[in-house]
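Student: Could you walk me through this model before I set anything up with it?

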Amino acid sequence: MVQKSEMTAEGPDLWSVMMNPMRRFGEQVADFFAPSSEAANTENAYEISVELPGVSENDIHVEVHDGRLTVTGEKKSSRKEEGKNFYFTERVYGRFHRAFRLPDDADVDHVSASHRDGVLSIAVPRTSPAKPAAKKIAVSKG
C-alpha cells in the first residue's frame, strides 16, 4: 500500500504532524462502532463473517457496488429502563457500517449471505481459482 509521507525535503510536514492525532482518533471511533469481522478465502470463494449479536436479519443490508461489499444496519435497543438503576452497561446500540474491497476475481453476481446465531456469513464465489504467479518486471538502463 502506498501511503503519504509526513516528511518533506525541508523536514517534517507540520500540518500532517498536527493533524495526525485527530486522524488517529477518527479511526479509533470508527473501529469502536464497527462490528468485528473476519475474512478468509478458499479455492472457490471468499468468506466474510461479521458478528452481529442482537441484530435482526431484517435490520441488516448487504450491498455490492464498484468492487466493494458493504454491510450496514442498526442494532435497536429494546430494553426498558423503568425502575432500574444500572451499575454498568457494555452493550452498544445504533447504526453500523463495514466495507470490504473485493478482489478482481470476485463473482459479484452470485454473492450470498445468511444470518444465524448472531453471525452474518457472506460467500463471494470466485470467477476462477486463484493462480498466484510471479510477474517479471523488466529493468531498463537508466
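What follows is a short chat about the fold, the confidence and a few local features.

Student: What should I know about how the values were made?

Tutor: This is a predicted model, in which local features need pLDDT of at least 70 and side-chain atom pairs count only at pLDDT 80 or more, while totals for chains, interfaces and linings use all residues. Residues are numbered from 1 along each chain as its sequence is written, and side-chain values use heavy atoms, with hydrogens and water left out.

Student: What is the mean pLDDT of the protein chain?

Tutor: The mean is 80, and 70% of the residues reach 70 or more, where pLDDT is the predictor's confidence in each residue, from 0 to 100. Over residues 1-5 pLDDT stays under 50, and the model has two contacts beyond four places in sequence for that stretch, a contact meaning heavy atoms within 4.5 Å.

Student: And how many helices and strands does the chain have?

Tutor: The protein chain has one helix and nine strands, in the order β-β-α-β-β-β-β-β-β-β along the sequence. Helices (H or I, at least four residues) and strands (E, at least two) are DSSP runs, numbered from the N terminus.

Student: Which strands does β9 pair with?

Tutor: Strand β4 (residues 45-51) pairs with β9 in the antiparallel sense over seven bridges, and β8 pairs with β9, also antiparallel, over five bridges; two strands pair if DSSP finds at least two bridges between them. S49 stands opposite S121 in β9, whereas A123 in β9 is the bridge partner of S112.

Student: Which side chains of β9 are buried?

Tutor: L120, I122 and V124 point to one face and are buried, while V119, S121, A123 and P125 point to the other and are not. Buried means under 20% relative accessible area, exposed over 50%, and partly exposed in between, with a 1.4 Å probe and protein chains only. In a regular strand the side chains alternate between the two faces of the sheet. Across the protein chain, buried residues make up 20% of the 142 residues.

Student: Switching to backbone angles, which residue in the hairpin of β8 and β9 takes a positive phi?

Tutor: That is D117, with a phi near 55° in a hairpin that has two residues between the strands. Most residues other than glycine have a negative phi. D117 counts as exposed because its relative accessibility is 70%.

Student: Where is D66?

Tutor: D66 sits in the loop between β5 (60-65) and β6 (68-75), and has a positive phi of about 50° although it is not a glycine. At 70% relative accessibility, D66 counts as exposed.
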